[in-house]
Amino acid sequence: MTNIPKRQGIAMEAEVASAKQRLERAELAIQRSKEMVAQNIERSGRIRRLVEAAIQDR
């Protein structure tokens, strides 16, 4: 085992906890981004179909 002074160990634990929180926030942001991209793809498809239908109705 290593001989890490207690203060350094506590600081390291706090740093690890902070890194885990940042990672969780990043994962949530990625998930939200994926959902937004999926919604945008769906919307653009609907808009494209509406435009094509409008062009055909001329």
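User: Let's start with Gly45. Which helix is Gly45 in?
Analyst: This is a predicted model, so keep that in mind as we go. The protein chain has 1 helix and 0 strands. Gly45 has its place in that helical part of the chain, namely in helix α1.

User: Is Gly45 buried or exposed?
Analyst: Let's check the cut-off: a residue is buried when its relative accessible area is under 20%. Gly45 has a relative accessible area of 12%. Because 12% falls under that limit, Gly45 counts as buried.

User: How many residues are in the protein chain, and what share of them count as buried?
Analyst: Gly45 is buried, so you might wonder about the rest of the chain. The protein chain has 58 residues, and the share that counts as buried is 2%.

User: What separates the C-alpha atoms of Gly45 and Leu28?
Analyst: Along the chain, Gly45 and Leu28 are 17 residues apart. In space, their C-alpha atoms are separated by 26 Å.

User: What does the C-alpha trace span along its principal axes, and what is the chain's radius of gyration?
Analyst: Along its principal axes, the C-alpha trace spans about 80 × 15 × 10 Å. A compact globule of 58 residues would have a radius of gyration near 10 Å. The protein chain, though, comes out at 25 Å.

User: Which side chains meet in a salt bridge?
Analyst: In general, side chains of opposite charge can pair when their charged atoms come close. The structure holds 1 salt bridge. Its N to O distance is 3.0 Å, and the two partners are Glu42 and Arg46.

User: How many residues apart are Glu42 and Arg46 in helix α1?
Analyst: Helix α1 covers residues 6–56, and both partners sit in it. They are separated by about one helical turn, because their spacing in the helix is 4 residues.

User: What are the relative accessibility values of Glu42 and Arg46?
Analyst: Partly exposed is the category between under 20% and over 50%. Glu42 is partly exposed, at 47%. Arg46 counts as partly exposed too, at 41%.

User: Which residues form a nonpolar patch on the surface?
Analyst: One member is Met12, which lies in helix α1. Met12 is partly exposed, with a relative accessible area of 45%. The patch has about 260 Å² of accessible area together, and its members are Ile4, Met12 and Val16.

User: How far apart are the mean positions of the positive and negative charges?
Analyst: The protein chain has 12 positive and 8 negative charges. The mean positions of these two groups are apart by 4 Å.

Conventions:
Residues are numbered from 1 along each chain as its sequence is written. This is a predicted model: local features need pLDDT of at least 70, side-chain atom pairs count only at pLDDT 80 or more; totals for chains, interfaces and linings use all residues. Side-chain values use heavy atoms; hydrogens and water are left out. A salt bridge is a side-chain nitrogen of Lys or Arg within 4 Å of a carboxyl oxygen of Asp or Glu. Helices (H or I, at least four residues) and strands (E, at least two) are DSSP runs, numbered from the N terminus. Buried means under 20% relative accessible area, exposed over 50%, partly exposed in between (1.4 Å probe, protein chains only). The radius of gyration is taken over C-alpha atoms; the globule rule is 2.2 Å times the number of residues to the power 0.38. Lys and Arg count as positive and Asp and Glu as negative; His and the chain ends are not counted. The place of a charge is taken as NZ of Lys, CZ of Arg, CG of Asp or CD of Glu. Patches are made of residues with over 30% relative accessible area and no salt bridge: like charges are joined within 9 Å, nonpolar side chains (Val, Leu, Ile, Met, Phe, Trp, Tyr) within 5 Å. Accessible areas come from the Shrake-Rupley method with a 1.4 Å probe; for residues, only the protein chains shown count as cover.
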